[in-house]
Amino acid sequence: MEGKENKLPLIINGQRQVGKTTSVLVFAKKYYDVIYELNFFEHPEFASIFSSSLDSNTVLNKLSLAFPSIHRSNGSTLIFLDEIQHCPNGRTALKFLANDPCFDVIASGSLLGLNHSTEPSFLVGYVQHIELNPLDFEEFLWAMAL
């Protein structure tokens, strides 16, 4: 993908059930050879990956232990942190993961930023944010026509 040297992790925020996870996975399967999908709601134990040092080497080593059957491919690896609101340290780690050009990072969640008391640090300038909203009826009809 172009612009790897200036890439930032992407945070997709939106209401529940608007298609954040599905959109990311469809995109990821098309453009990446390797996908680490960590759903912190479904598997709260994944939060332990971010329980100590948050530098990219430590996180990648812990990912390798958590997913021994996945072998990352430099430049074609995505780390997808789903339901990131359940892992505040994972969100903080985005700052450090942004500096590693070997993989891309996408995080998604609902109600992000509403509970700052559990947020170790606020990421200004280290991530890109987008908001995913539900389709209105006309947009739904357009999507169905594709």
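Of the 146 residues in this protein chain, 40% count as buried. The model you are looking at is predicted, so treat this briefing as a guided tour of that model. Along the way we will visit the overall layout, one helix and one salt bridge.

**Overall layout**
- The protein chain has 4 helices and 5 strands.
- Reading from the N terminus, you will meet these elements in the order β-α-β-α-β-α-β-β-α.
- Among contacts with a separation of 6 or more, 80% come from residues 24 or more positions apart.
- About 8,600 Å² of the protein chain is exposed, and carbon and sulfur atoms supply 56% of that area.

**A look at helix 3**
- Helix 3 spans residues 88-97, and its buried residues are Gly-90, Arg-91, Thr-92, Ala-93, Leu-94 and Leu-97.
- Several strands help to cover these buried residues, including strand 1 (10-14), strand 3 (77-82), strand 4 (104-109) and strand 5 (128-132).
- Helix 2 (56-66) is also part of that cover.

**The salt bridge**
- How many salt bridges does a search of the whole structure find? The search finds 1.
- Glu-83 and Arg-16 form a salt bridge, with their closest N and O atoms 4.0 Å apart.
- Glu-83 sits in the loop between strand 3 and helix 3, while Arg-16 sits in the loop between strand 1 and helix 1 (20-31), so the pair ties together parts that are 67 residues apart in sequence.
- Is Glu-83 buried or exposed? Glu-83 counts as buried because its relative accessibility is 13%, under the 20% cut-off.
- Arg-16 has a relative accessibility of 51%, so Arg-16 counts as exposed, the cut-off being over 50%.

Definitions and conventions
Residues numbered from 1 in each chain as written. Predicted model: local features only at pLDDT ≥ 70, side-chain atom pairs only at ≥ 80, totals over all residues. Heavy atoms only, no water. Buried < 20%, exposed > 50% of the residue type's maximum accessible area, 1.4 Å probe, protein only. Helix = DSSP H or I, 4+ residues; strand = E, 2+ residues; numbered from the N terminus. Contact = heavy atoms within 4.5 Å. Salt bridge = Lys/Arg side-chain N within 4 Å of Asp/Glu carboxyl O. Areas by Shrake-Rupley, 256 points an atom, 1.4 Å probe, with all protein chains shown as cover.
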